[in-house]
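The following note sets out numbered remarks on the model shown below. Please read each remark alongside the coordinates.

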Amino acid sequence: MALSGTLKDFALPDIFQLIGMQRKTGLLTLENERETVSVVFEQGMVVHADSTVRRLDDLLGNVLVRQRTLRRDALEDALAKQKVSMQRLGFILTNQGYISRDDLKAALSEQVQQIVFRVFRWKSGRYHFDPAAGADYDRENMSPVSTDHILMEGIRRVDEWPIIEKRIPSLDFVFRPLVPKDQIRIEESSTEEAGGLEASLDLLSGKGGGAATLISEVVLSPLEGTIYKLLDGKRSVAAVMELTGLSDFDVCRALFDFVDRKLVVAAGQEQTKSVSLGLPQADVPVQGETAGKIALVAVLVLAASGFLIALGTPFRVPPRPSFMREEAATIARSRDVARMQRVVAALRSYYLTFGVYPGSLDDLVNTTPPLVTAEDLTDASGQPFRYETQADRVTLQALGPSGSPYLSISREILPDDVSFAPTPSVRSSSR
């Protein structure tokens, strides 16, 4: 019989892990009160996805524009031709020479993944998987996506979303920029290496235009620049998504970074600090400007002193500030949670395949193909997870320095009647 139930009973990562490990072909349907998503699998690989909610970031044309392989005016021209010919947009774009076939393949893969990744954030819903003898999809242009990639990226996004939502709790949030547009520079490639030690040496030697050059502008990537230019204190996060064609995750992650860098603030919040990046303000008193220059000189002197000391003792590593220690602990905990989720999904798949849970976690690595890697069986510090089996459940725990568990996941054994059965072929079409 087909596999069906609720996402509270059988989590989405477990479903993908099971279908991928058993190399199943068929149609997975996911439903909640707002949306229905269909995912087509062939031999355990994701080959197509569709949604009843056709958001802009899912549309093929916007994906191509976002990937910078198609100009906006070319997209509008192709869409006009599509209305007349009723042909697939991908066919028109490649036939007219707007994009290459490789560009189309990359865009279709991205389109499918964006639909699937969004479902990973569902709090509740229903699922139904119908096995099939074969799957019909755009084989010429769609490159299958492995469930391992879907799982790792999906779990990573699920782990990051709670942190992002602390700063951006709603897509209705409005941000206003704190840095003038003329102080923003868009850079195609990263210059972090060139601007690191070399910039510090230039500062000490008086080269490179001095401090005003170093702090007179903010360097953003093309994607960040596109988002930042749309922030005007009136547009919501959702409006920025619509105008850019970017996914909610991409936009919110960039905004989270802007908030951390003090480049934006939520509209309505009072600006408590000057963020002019060293440029004088018309309404700032001369005394305040002088004090700021004195403070800047003091900071530069301290920085130069620290650099010279570091030259004398190059292998001395300064102690990590407390806030960095806290951030490192948060990152380590997030990594442990992601690994434990992968191990739990592997345990569920192992049980569905063999009818029992493994005697040890090493059995998950020794299967063919392996369900997890050896690294997945340890926490961020390299300590192995504690694994216990009882009559009706398994427990997975991460142990702290004291030997006491600080993370714990328990799962009940699945009913014995969960099984698969063949059904007719699944058909799909690409947008």
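1. In this predicted model, helix 9 and helix 11 pack with their axes 10 Å apart and at an angle of about 80 degrees. Angles of 65 to 115 degrees count as roughly perpendicular, and the two helices are therefore roughly perpendicular to each other. On the side of helix 9 the contact is made by Glu 224, Ile 227 and Tyr 228, which meet Asp 250, Val 251, Ala 254, Leu 255, Asp 257 and Phe 258 of helix 11. By character, the residues of this contact divide into six nonpolar, three charged and no polar.

2. Helix 9 spans residues 222–229, and its buried residues are Pro 222, Glu 224, Gly 225, Ile 227 and Tyr 228. The elements that cover these buried residues include helix 10 (237–244) and helix 11 (248–260). Strands contribute as well, among them strand 8 (175–177), strand 9 (184–186), strand 10 (218–220) and strand 11 (264–266).

3. Strand 13 covers residues 393–399; five of its seven residues are buried, so the strand is largely enclosed by the rest of the structure. Its pairing with strand 12 (residues 386–389) is antiparallel and runs over four bridges. Within this pairing, Glu 388 stands opposite Thr 395 of strand 13.

4. The structure holds 15 salt bridges. One of them joins Glu 35 to Arg 118, with the closest N and O atoms 2.6 Å apart. This pair links distant parts of the chain, 83 residues apart: Glu 35 lies in the loop between strand 2 (26–31) and strand 3 (36–42), whereas Arg 118 belongs to helix 5 (residues 101–119). The cut-off for burial is a relative accessible area under 20%. Glu 35 has a value of 9% and is therefore buried; Arg 118, with a value of 10%, is buried too.

5. A further salt bridge connects Arg 101 with Glu 140, the closest N and O atoms being 3.4 Å apart. Arg 101 lies in helix 5 and Glu 140 in the loop between strand 6 (135–136) and strand 7 (145–146), so the pair ties together parts that are 39 residues apart in sequence. Arg 101 counts as partly exposed at 36% relative accessibility, while Glu 140 is exposed, with a relative accessible area of 52%. Elsewhere, Glu 153, Arg 156, Arg 157 and Glu 160 are joined into one network by salt bridges that share partners.

6. Arg 71 and Asp 73 also form a salt bridge, in which the closest N and O atoms are 3.1 Å apart. Is Arg 71 buried or exposed? Arg 71 is exposed, with a relative accessible area of 56%. Its partner Asp 73 is partly exposed, with a relative accessible area of 46%.

7. Two backbone positions should be noted. Most residues other than glycine have a negative phi. Arg 23, however, has a positive phi, near 50 degrees. This residue is found in the loop between helix 1 (12–21) and strand 2, and at 47% relative accessibility Arg 23 counts as partly exposed. Gln 43 likewise has a positive phi, near 50 degrees; its place is in the loop between strand 3 and strand 4 (45–51).

Methods
Residues numbered from 1 in each chain as written. Predicted model: local features only at pLDDT ≥ 70, side-chain atom pairs only at ≥ 80, totals over all residues. Heavy atoms only, no water. Buried < 20%, exposed > 50% of the residue type's maximum accessible area, 1.4 Å probe, protein only. Pairing = 2+ DSSP bridges. Salt bridge = Lys/Arg side-chain N within 4 Å of Asp/Glu carboxyl O. Contact = heavy atoms within 4.5 Å. Axes fitted to C-alpha atoms, helices over the stretch in contact; angles between N-to-C directions. Parallel < 35°, antiparallel > 145°, perpendicular 65-115°, else oblique. Nonpolar A, V, L, I, M, F, W, Y, C, P; charged D, E, K, R; others polar.
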